[in-house]
Amino acid sequence: MMREMASSDTPRPASTALHPTGGFLTGFTHSLQPYIGCRFGCAYCYVRESNVHRFFNGGFAWGEYAFPRQGVDEKLAQELACYQRKGQLDSLSIFCSSSTDPYQGAEREWELTRRCLQAFVERPPGLLVVQTRGPLVRRDFDLLAALGRRCWLSMTLETDRDEVRRALTPRCPSVHQRVQTIRAARDAGLNVQVAVSPCLPYSTVDEFGSLLAELGQRVVVDSYISGDGQGGKRTARTAIPAEYARLGWGAWQGEEAARALYRWLHQRMGEQAGWSQAGFTHLADRQSTGQSIHQ
Ligand code: SF4
């Protein structure tokens, strides 16, 4: 008899919650993934090459599944209680999430990210960065606000041109939806970082730069070459080279547009404009050396 294949949203019981970081996120002590997989399925996503996808894909292609890590919130609460007993909560700096989006569609039903945030409010870590492109995060502004200075919302906005967004990330929320979400987050008093990661073709430096400087207290700009961890080799194995050729966008390896945007922002925002890995780990680096992470 043939075994029935699990569906693309079958829950997987979580054995742990916090994972020690390395590589690109060195500086943060841990990452947290409420889901395995990501239905946003961005053309440039590097997670499709990771062991997470390789070993846990359940027979599905990258972008076609999102397995809820059932019980991850309870594991998190236990692990945070343990750190609290050892007096180590303040030394934690957590990035949520690096290999999934915590506010993709599945979160509407499962509320795992929300329940993890509730655990953080009970026992706040030194730093929590919530990285997403999902407007669903608005639902949880109350919890992010309750974490106050310890928490940063980092919203991905790789371009200000929605036709570019549609070409490479058609399942992701529109530029307009994300801009509105960021504005709402600022209105709610949250700390907001905007991640231009990776930087995609945009309007003009002045236009996109002005929007970014208005939106974020911090902005991080990244490129395929600096940001994929292998000098562009990982990107070369994605659909990006073929898409850039098909769309007539020129060489995908070119970093100059991303660097020009970063320079423009740096002139106006100083160290609140960050480049690539150093930009992403800036908050964790400050937190670990006892410096203020509130801008
Ligand atoms: S949202 Fe992030 S994790 Fe999800 S596919 Fe896109 S880049 Fe990958």
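**Ligand pocket and open sheet**

The ligand occupies the largest pocket of this predicted model. Eight residues need not be considered as an undifferentiated list, since the shell around the ligand divides by class into five nonpolar, two polar and one charged. The residues around the ligand are Cys 38, Phe 40, Gly 41, Cys 42, Cys 45, Trp 62, Thr 100 and Arg 133. Under the classification used, Cys, Phe and Trp count as nonpolar, Gly and Thr as polar, and Arg as charged.

From the ligand, the description turns to the sheet. Strands of a sheet pair through backbone hydrogen bonds, in either a parallel or an antiparallel sense. Here the sheet is open and is formed by eight strands, arranged in the order E2-E3-E6-E7-E8-E9-E10-E11, with mixed pairing. Its edges are strand E2 (18-20) and strand E11 (273-275), each of which pairs on one side only. From one strand to the next, the twist averages 25°.

At the E2 edge, the pairing can be followed in detail. Strand E3 (residues 30-32) and E2 are joined in the antiparallel sense over three bridges. Leu 18 has Leu 32, in E3, as its bridge partner. Helix H2 (residues 72-85) packs on the sheet and touches both E2 and E3. The direction of H2 makes about 65° with that of E2.

A further helix is found elsewhere on these strands. Helix H7 (residues 175-187) lies across strand E8 (151-156) and strand E9 (191-196), and H7 runs at about 165° to E8. E8 and E9 follow one another in the strand order of the sheet.

Technical notes
Residues numbered from 1 in each chain as written. Predicted model: local features only at pLDDT ≥ 70, side-chain atom pairs only at ≥ 80, totals over all residues. Heavy atoms only, no water. Near = heavy atom within 4 Å. 1 Å grid on protein atoms, 1.4 Å probe; cavity = no way out; pocket = protein on both sides within 12 Å on 5 of 7 lines; lining within 4 Å. Sits in = over half its atoms within 2 Å of the grid points. Pairing = 2+ DSSP bridges. Helix = DSSP H or I, 4+ residues; strand = E, 2+ residues; numbered from the N terminus. Axes fitted to C-alpha atoms, helices over the stretch in contact; angles between N-to-C directions. Contact = heavy atoms within 4.5 Å.
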